[in-house]
Amino acid sequence: MKILVVSAWKDDETMYPHLRVVLEKLKSIYCDVQYFNFFERGYSFANDLKFKIAFKLWKRVLKNLLKLKILYLKNKFDKIIIIDHFTYVCANFILPKDRLIFWSFDIMGDDSTYYNYKFIRFILHLNAKFLSVNPKIIIQTLERLRLLERTLKIKFNEENVCYLPVFIKKLNHTPNFKLSGGEIPKLLQCSSFDGQRYTEELIDQYQKDSNYKLYLHGIHIHTLEKSIEQLDKKPEILKEYVLPDKVYEVVQNCDIGFLGMKLKEDNCKYLYGASGQLLEFLRCGKPVISFGDNNVGVVLEKYKAGIEIKKIEDLDSAILTIKNDYEAYSRNAYSLFFKDFDSDILIKKMCEYLNS
């Protein structure tokens, strides 16, 4: 079987780890698997653009559509997996519709701020139209499928759906299930610091009597440096850029992960199975403290792989609870990674779907 995967990520060391692992796995199974970097996601067109900017963007889109068409004509792929809404819509105009599979990474739900843009609603309208004719879809979880159905106003037959939560490779070594820093746990927030991760609240809470060390790592850390310099009790900032597939090198040097999301959109509520940050903590055997309105905390509590807090003031007590039974929490986190995110099991499911 010949397979083509089309998405917005460049095929280099910066590629999203989940996609990289899927490509590697597929290439080890099928004789011909190719990848095409189409164009950045449709968010680029969401705002009202000046003519010159819009012209340049559409010129790139058309240029890449031509390249994609030529690639298909040369290879006649059996399955073409298209990641995300904008790319999928564009591909439907030039490729055989019956060979396309829509792979949903992010959902611009009808409660999303992006849904306010006419262009986004137009793309989603076309998305629904094409999927109604050829309803083949890969998506992380049933909850996220229901959100997509609600947004597109269509209903999928689950026989046409492949559930594929995000997954990454297991480490080459077994984690150490003990506290790394003796009696004082190291709490890590590893995110983009986009103002929606409770980072400011986390820093404020750290100024109070807290028996842990706070570490911050992210690509926009510079936006917080000046304010942090004014504090008496400073969190440690990990400034060095780390490639996506090397994030574990940062994570494994901490003890507990912090996962928080302020956004109330359903896309951000249904994080379990869709959060790469959570995966990084679990595969390193790091218990996770979940904060915010999402479905991660329920699973963490069920398997004693972490703790869900309802207010930031509960952070200290949650850390203390984990610290007092750290080895059990750490082992449970590591076990949860294999229970729900075993790459061999998940890629097998994906291949069965592709072969059906």
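This is a short walk through a predicted model, from its parallel strands to a pocket and one buried glutamine.

Start with strand 1, residues 2-7. Strand 1 has strand 2, residues 32-37, as a parallel partner, and six bridges join the two. Within this pairing, Val6 stands opposite Phe36 of strand 2. Helix 1 belongs to the connection here: strand 1, helix 1 and strand 2 make a β-α-β unit, and the unit is right-handed.

Strand 1 also pairs with strand 3. These two run parallel and are joined by four bridges. Leu4 of strand 1 faces a partner in strand 3: Leu4 stands opposite Ile80.

Now follow strand 3, which spans residues 79-83. Strand 3 pairs with strand 4, residues 100-103, again in parallel and over four bridges. Ile80 appears in this pairing too, where Ile80 stands opposite Leu100 of strand 4. Helix 3, residues 85-92, joins strand 3 and strand 4 in a right-handed β-α-β unit.

How many residues of strand 3 are buried? Five of its five are, so the strand is mostly covered by the usual cut-off of under 20% relative accessible area. In a regular strand, side chains alternate between the two faces of the sheet. In strand 3 both faces are covered. Lys79, Ile81 and Ile83 are buried on one side. Ile80 and Ile82 are buried on the other.

Helix 1 leads on to the second largest pocket. The pocket has a volume of about 370 Å³. Helix 1 (17-29) and helix 10 (276-283) are the elements that give two or more residues to its lining. The largest share, four residues, comes from helix 1. In total, 20 residues line the second largest pocket. Nearest its centre lie Val21, Lys169, Asp245, Tyr248 and Arg283. What is the chemical make-up of the lining of this pocket? The lining divides into 10 charged, seven nonpolar and three polar residues.

Finally, turn to helix 6, residues 199-206, where Gln205 is found. Is Gln205 buried or exposed? Gln205 has a relative accessible area of 6%. Buried means under 20%, so Gln205 counts as buried. Which residues is Gln205 in contact with, leaving aside neighbours within four places in sequence? They are Tyr212, Ile312, Glu313, Leu315 and Asp316.

Terms used. Residues numbered from 1 in each chain as written. Predicted model: local features only at pLDDT ≥ 70, side-chain atom pairs only at ≥ 80, totals over all residues. Heavy atoms only, no water. 1 Å grid on protein atoms, 1.4 Å probe; cavity = no way out; pocket = protein on both sides within 12 Å on 5 of 7 lines; lining within 4 Å. Points joined across faces, edges and corners; volume = space filled by probe spheres on them. Nonpolar A, V, L, I, M, F, W, Y, C, P; charged D, E, K, R; others polar. Buried < 20%, exposed > 50% of the residue type's maximum accessible area, 1.4 Å probe, protein only. Pairing = 2+ DSSP bridges. Right-handed = clockwise from strand over helix to strand, strands pointing away. Contact = heavy atoms within 4.5 Å.
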